[in-house]
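Okay everyone, thanks for coming. I'd like to walk you through one structure today, starting with a single residue and working outwards. Have a look at this.

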Number of protein chains: 2
Amino acid sequence: MEIALAKNYGFCFGVKRAIKIAEEHPGSSTLGPLIHNNLEIERLKKDFGVSLANSLEEVKAGQATVIRTHGIPKNDLERLKEKGGEVIDATCPFVTKPQQIVEEMSKEGYDIVIFGDENHPEIKGVMSYAVGPVYAVLSVEQLEKLHLKERVAVVAQTTRKIEEYNKIVNYLIPRHKEVRVFNTICNATFENQDAAKELAQKADVMIVIGGKQSSNTKQLFSICKKFCHDSYHIESKDELKKSWFENKKLCGITAGASTPEWIIEEIIGKIREFKV
Amino acid sequence: MEIALAKNYGFCFGVKRAIKIAEEHPGSSTLGPLIHNNLEIERLKKDFGVSLANSLEEVKAGQATVIRTHGIPKNDLERLKEKGGEVIDATCPFVTKPQQIVEEMSKEGYDIVIFGDENHPEIKGVMSYAVGPVYAVLSVEQLEKLHLKERVAVVAQTTRKIEEYNKIVNYLIPRHKEVRVFNTICNATFENQDAAKELAQKADVMIVIGGKQSSNTKQLFSICKKFCHDSYHIESKDELKKSWFENKKLCGITAGASTPEWIIEEIIGKIREFKV
């Protein structure tokens, strides 16, 4: 039986990059969880001595610190630098970009609207770069309550859907002289879904790897099930059954956005051991 | 019977302004028809000696020339200046604005998309201000064929509908890093319609003045008819009938965008003569 990985699966570019950066700085700490995955954070601690500082107070003076994938607020960054240790930036470039845009547009006098969740670390970071009025909204209803100037610049949280972003923009255009729209949406989630669909159409068995509660993994599973009847959603190699693979020609593999590569490799290894 | 004019009716701000400018320059010529109304152009000729030059060749050397409401292409303006006569700009400020935006954005390296008809004099003028790539489109289908750069600036013909404009913008946002949207739509037509509706709800007879073929006048009439049963669409005072106004308390008046003020005044004068 042949085993094929989806063209896109699991961790996105920014998460992979952040982990690589952390591995290259053994003994450092990260300010806040580097990424949204506890197993991976434990692995970094065990194998690379990368510890977790939950707040600025927990960062030791002179300690090398990795900035997490979602970025941190500008003030925190400045306070971190004052601690005197090396500051290693693992902020995803797709998050650094809206931070820069917000700073620049805000300096040019635009009111800033961010389509995103103001409680999310990414958005807290992005908002902190504004030097003037800045608002994070998730709906047109929230926009209606704002009093914005004639010129508005708009960015989106990287994980938002473009259709929803357009609704925000469509509300603003008739009401303002200029709306400067920056497409800061990252397509990683949608690329994983498209790749899963493509592979599921060819495979006769699909293994979808990721937390049973992970909403993006469940979404991947539901897509695979639609195109490949023998699709299975598992968290670890212990759930695999040899019978799933008997008389199959092509086994497709995909994984949710919070699934580390080593879990995927363990599972592929176990499937190979079945020698079907 | 009381007679009330709609809060907005007839000529828009830009047309009124252009006529005033022409009247202030007796003996001048206009390059192309000043506005889209022949009766008014004849009146300007008769009362103010303002003649019509259909092309640059027809403009006499040293002759004072009025630039029409819709503006003219940049090249034509330069050639006109070379003729040596005074150049009087009656371009509507709502048209000058997109001309300036297109020039500026184009110099900053943006590809320019104009939502409008490339054969309309306004758009011919606006397009001429680009120093780089510029495209006029009326639909998403036309956009699909273009190869635009990452940064795009967008303006709209002043008479377009905002909903249609949003469709153009919605197509561009997911495909480009930055879409800079300028709201250059003028609400004059929609303001006339809103005002007609408001007045028709109070009036017991409505007179809608404008060409029988004028599409915007017909639209005004259809709005009035919906809210006031006794609505009449007329072109001139000769069509008025005394019986329409008998036992009425409030007569509402509105007019299409190509209806000069003096025609409206003639009609109001005639209604007053009925002494109802």
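So, Ser258 in chain A: buried, exposed, or something in between? Its relative accessible area is 24%. Buried would need a value under 20%, and exposed would need one over 50%, so Ser258(A) counts as partly exposed. Keep in mind that we're looking at a predicted model here.

Where does Ser258(A) sit along the chain? Find strand β12, residues 250-255, and then helix α10, residues 261-273; Ser258(A) is in the loop between them. If we skip the neighbours within four places in sequence, Ser258(A) is in contact with Phe11(A), His36(A), Asn37(A) and Ser214(A).

Hang on to His36(A), because we'll meet that residue again when we turn to His120(A). His120(A) is in another loop, the one between β6 (111-115) and α5 (121-127). Again leaving out neighbours within four places, His120(A) is in contact with His36(A), His70(A) and Gln157(A). So you can trace a path on your screen: Ser258(A) touches His36(A), and His36(A) touches His120(A).

Now, what does the record say about these residues? UniProt, in an unreviewed entry, lists a "binding site" feature at His36(A), His70(A), His120(A), Thr158(A), Ser214(A), Ser215(A), Asn216(A) and Ser258(A). That label comes from the record.

Let's move on to the aromatic rings. How many aromatic pairs are there over all chains? The count is 10. Take Trp244(A) and Phe245(A): their ring centres are 6.2 Å apart and the planes meet at 55 degrees, so this pair is called tilted. Both Trp244(A) and Phe245(A) are buried. Ring pairs also join these two with Tyr232(A) and Phe274(A) in a cluster.

Okay, zooming out to the whole of chain A. You can pick out 10 helices and 12 strands. The C-alpha trace spans about 65 × 50 × 25 Å along its principal axes. Of the 276 residues, 51% count as buried. Looking at contacts with a separation of 6 or more, 68% are between residues 24 or more positions apart.

What about the surface? The accessible area is about 13400 Å², and carbon and sulfur atoms make up 48% of it. As for charges, chain A has 39 positive and 39 negative ones, and their mean positions are 3 Å apart.

That's my tour, thanks for listening!

Key. Residues numbered from 1 in each chain as written. Chains lettered and ligands numbered in written order. Predicted model: local features only at pLDDT ≥ 70, side-chain atom pairs only at ≥ 80, totals over all residues. Heavy atoms only, no water. Helix = DSSP H or I, 4+ residues; strand = E, 2+ residues; numbered from the N terminus. Buried < 20%, exposed > 50% of the residue type's maximum accessible area, 1.4 Å probe, protein only. Contact = heavy atoms within 4.5 Å. Areas by Shrake-Rupley, 256 points an atom, 1.4 Å probe, with all protein chains shown as cover. Lys, Arg positive; Asp, Glu negative; His and termini not counted. Charge placed at Lys NZ, Arg CZ, Asp CG, Glu CD. UniProt positions renumbered as here; feature names shortened; annotations may be inferred. Phe/Tyr/Trp six-rings, centres within 6.5 Å; stacked < 30°, edge-to-face > 60°.
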